[in-house]
Structures are given as structure tokens and as C-alpha cells.
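Reader: I have just opened this structure and would like to learn how to read it. Could you take me through it feature by feature?

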Amino acid sequence: MSALPRDPSAKNAPERDAMPDDQLMLAYAHGDAAAFDVLYARHEGGLFRFVKRLLGARLVAQADEVFQDTWVRIISARESFSPQGATWRTWAFTIAHNLAMDRLRVSGREVALDAHADDDSDALPALDRGVHGAVDAAAHPSAEELAFWRAAGRRLLTCLDELPAEQRAAFLLHHEDGLTVEALATSLEIGFETVKSRLRYGLQKLRGCMERYLSVLEQRA
């Protein structure tokens, strides 16, 4: 984003660093370019990872373009942004989601899903309790443990790429960005049961794909 204007003054940097995302966006809308710099630095990594994982390996070459388009949309919408309702992060990730899904539709990779399948709230466990959280269990993991979790991480990315795009998007927004099922339904403008179905089907497939690693976690529990 090198073409963006920069505020040469750093005297308010500590105050900006402590500001919530919504306030930073409002400050940017009122002409504080440095507030945007803080927002960008705060969310650059997470937003790019989300776009890259949502597009999958086949469209990974387009991740940079979708990522940049997302920020262009954010910039263009700065004057109309309202902190009411969804948080700035949810708003921004929804923009990224919509742009990425447009690319997936054009590529022909989008798969139609059954929005009315039987559902069970117990079928929505956080898969990342194992893969993403287990590394924190040991302050000084052994080389063998580190190798195991690196392999598990690579496998999870492969499994995510094998999911239909809409299931992958629901999983990423729910488990990585922390959106509730209700927030997902609102942000994506789809039914609550549709979101739950996508999460359920996606988790079932991921659990099957990650069975080897999850069985190790269950033995350690």
C-alpha cells in the first residue's frame, strides 16, 4: 500500500496504537491518514492469511490482488463506515470474503450446498482446540512435538483447500476470525441454519481429513 498518504507527524502514535479499530476508521475518515496506517499494520497479516486460505491453492496467485482490492474497498467506504452493529474487523473480513467468493465463482470452483440438512449444535466443536492450541500446552516443546505440529498445520491447510468454498469460508470466519454463527448469518446475509449446516459439513470433512492428528490429541487428553 505504498501509494497511500502518510502522516509525517508521529506525536500521536501512542494514542493511535491504543485506539479501537472502529475509532481508527472514523479518524481516518476525518482525514487522519496515520490512523489508517495503524489499522493496516494491525490487520494486514490476518486479512491476507484469510484471503489466501479462502482462495485455496489453485487461486493462490490471485491472493495479492484480492487482498489489495479489499483495502481499496475499505478506503473507498471510509466516509460511509458506521461502527454500529458489526465490528470493523468483521466488516473488513466480510468485504474480503465477498471479493474472494466472486473470484471463486468466476473460476467455477463454487459448490452448491444443502442449506436444510439436519443439524446438531454439538457438531460444532472448535477443531483448532487441538491443532492451533496444543502447541501452547508445553512451554518448551521437543523437536519431535514441533515436527508433529508443523506437519499437522500443513495437513490442515491441505484439508481446508479440499473443502467447498462456502464451507471453507464459514470455517475460517468462525474459527479463525471468531465470528459467532449469528454474526456470520448477519454479515453474509444468509440464514442461521444455512451457516450451521456449512459449519457442520465442513467440520465433518475436516475431522475425517485430520483423523490421524486428532486421534493423537484424544490419546493425550
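Reader: How far should the 18 residues of helix α10 span?

Author: Happy to show you, and keep in mind that this is a predicted model. The idea is to count 1.5 Å a residue, with the expected span being 1.5 Å times one less than the number of residues. Helix α10 covers residues 192-209, so its span should be 26 Å, and its end C-alpha atoms are indeed 26 Å apart.

Reader: What about helix α5, and how far does it reach from its first C-alpha to its last?

Author: Helix α5 takes in residues 88-107, and its 20 residues reach 29 Å, close to the expected 28 Å.

Reader: Which residues of α10 are buried?

Author: Buried means under 20% relative accessible area. In α10 the buried residues include T194, V195, L199, G202, L203 and C209. K196, R198 and R200 are buried there too.

Reader: And what covers the buried residues of α5?

Author: Among the buried residues of α5 are W88, F93, H97, M101 and L104. Their cover includes α2 (21-29), α3 (33-55), α4 (63-76), α8 (165-176) and α9 (181-188).

Reader: Stepping back, how many helices and strands are there in the protein?

Author: You can find eleven helices and zero strands. Of the 221 residues, 43% are buried. For contacts with a separation of 6 or more, 71% come from residues 24 or more positions apart.

Reader: Finally, how much area does the protein expose?

Author: About 11,900 Å², with carbon and sulfur atoms supplying 50% of it.

Methods: Residues numbered from 1 in each chain as written. Predicted model: local features only at pLDDT ≥ 70, side-chain atom pairs only at ≥ 80, totals over all residues. Heavy atoms only, no water. Helix = DSSP H or I, 4+ residues; strand = E, 2+ residues; numbered from the N terminus. Buried < 20%, exposed > 50% of the residue type's maximum accessible area, 1.4 Å probe, protein only. Contact = heavy atoms within 4.5 Å. Areas by Shrake-Rupley, 256 points an atom, 1.4 Å probe, with all protein chains shown as cover.
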